[in-house]
Amino acid sequence: MARREQAHRATKVPEIRRGDLVVVLAGKDAGKRGRVERIIAPSAGPAGSRSLYRRGAGGRGVSLVVEGLNISKRHTKPRQTTSQTDRMPKIQQGGILDLAQPLPIGRVMLVCPKCDEPTRIRHTTLEDGHRIRVCSNCGEPLEAAS
């Protein structure tokens, strides 16, 4: 069978990236702003061929950690840690840790750095073929063109 020639498809540009300023839409931290620390994609299991942004992906969608938001407290006991090279065991200090927990990507919205408003994201293609994210409110690009 002859293979059809496929049209050139532009690469998918993620809507929210590490370092973006976002506002939380729902939950205990609704209305607060923070920077994205990291993005957690679901592991490629039996539904690995599905899109990451699809809703029915086994209850595990893309989530992200926003610094300073969705904080939970973790109580830790002091524990001894030993290794083969240490003569004296080290004692890990116990206490209460504040940990930022992941938020579903649907609960946050990107904030445009130019107009300082929460916005949806459009994608446009430049003359050189690169796709960039653009603010829907003011039309300004969300990142420096490179």
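How many bridges join strand β1 to strand β2, and how do the two strands run? In this model, which is predicted, three bridges join β1, residues 21-24, to β2, residues 33-40, and the two run antiparallel. Two of the pairs can be named. Val-22 has Gly-34 in β2 as its bridge partner, and Leu-21 stands opposite Arg-35 in β2.

Now the rest of the sheet. β2 also pairs with strand β3, residues 63-66, in the antiparallel sense over four bridges. One pair there is Arg-38 with Val-65 in β3. From β3 we go on to β8, again antiparallel, this time over two bridges. Ser-63 stands opposite Pro-104 in β8. Put together, five strands form an open sheet in the order β8-β3-β2-β1-β9, with antiparallel pairing. The edge strands are β8, residues 103-104, and β9, residues 108-110, and each of them pairs on one side only.

Staying with β3 for a moment: which way do the side chains point? Start with the general pattern. In a regular strand the side chains alternate between the two faces of the sheet. In β3, Ser-63 and Val-65 point one way, while Leu-64 and Val-66 point the other way. All four of these are buried.

That leads to the nonpolar core. The largest one has 14 residues. The residues with the most contacts inside this core are Ile-16, Val-22, Leu-64, Val-66, Val-108 and Leu-142. The elements that give two or more residues to this core are β1, β3 and β9.

Val-22 is worth a look on the screen. Which residues is Val-22 in contact with, leaving aside its neighbours within four places in sequence? Among them are Ile-16, Val-66 and Val-108, which also appear with Val-22 in the list of core residues with the most contacts. On the β2 side, Val-22 is in contact with residues including Arg-33, Gly-34 and Val-36. Its contacts also include Met-109, Leu-110 and Val-111.

Next, charges. Side chains of opposite charge can pair when their charged atoms come close. The structure holds four salt bridges, and I will go through some of them.

Asp-20 and Arg-133 meet through their side chains at 2.8 Å, N to O. This pair links distant parts of the chain: Asp-20 is in the segment before β1, Arg-133 is in strand β11, residues 131-135, and they are 113 residues apart. Are these two buried or exposed? Asp-20 is buried, at 12% relative accessible area, and Arg-133 is buried as well, at 2%.

Asp-116 and Arg-33 form another salt bridge, at 3.0 Å, N to O. Here too the pair links distant parts of the chain, with Asp-116 in the loop between β9 and β10 and Arg-33 in strand β2, 83 residues apart. Asp-116 is partly exposed, with a relative accessible area of 45%. Arg-33 is partly exposed too, at 36% relative accessibility.

Then there is Lys-73 with Asp-98, at 2.8 Å, N to O. Lys-73 lies in strand β4, residues 71-76, and Asp-98 in strand β7, residues 95-100, so this pair ties together parts that are 25 residues apart in sequence. Lys-73 is exposed, at 56% relative accessibility, and Asp-98 is partly exposed, at 49%.

Last item, the cysteines. Why are Cys-112 and Cys-115 not counted as a disulfide? A disulfide is a covalent bond between the sulfur atoms of two cysteines. The cut-off used here is 2.5 Å between the sulfurs. The closest cysteine sulfur to that of Cys-112 is in Cys-115, 3.6 Å away, so it is too far for a bond. Cys-135 gives a similar answer: its closest cysteine sulfur is in Cys-138, 3.6 Å away, and that is too far for a bond. The count by this rule is zero disulfides. As for accessibility, Cys-112 is buried at 0%, and Cys-135 is buried, likewise at 0%.

To recap: one open sheet of five strands, a largest nonpolar core of 14 residues, four salt bridges and zero disulfides. That is all from me.

Methods
Residues are numbered from 1 along each chain as its sequence is written. This is a predicted model: local features need pLDDT of at least 70, side-chain atom pairs count only at pLDDT 80 or more; totals for chains, interfaces and linings use all residues. Side-chain values use heavy atoms; hydrogens and water are left out. Buried means under 20% relative accessible area, exposed over 50%, partly exposed in between (1.4 Å probe, protein chains only). Two strands pair if DSSP finds at least two bridges between them. A nonpolar core is a set of buried Ala, Val, Leu, Ile, Met, Phe, Trp, Tyr and Cys residues joined through side-chain atoms within 4.5 Å. Contact means heavy atoms within 4.5 Å.
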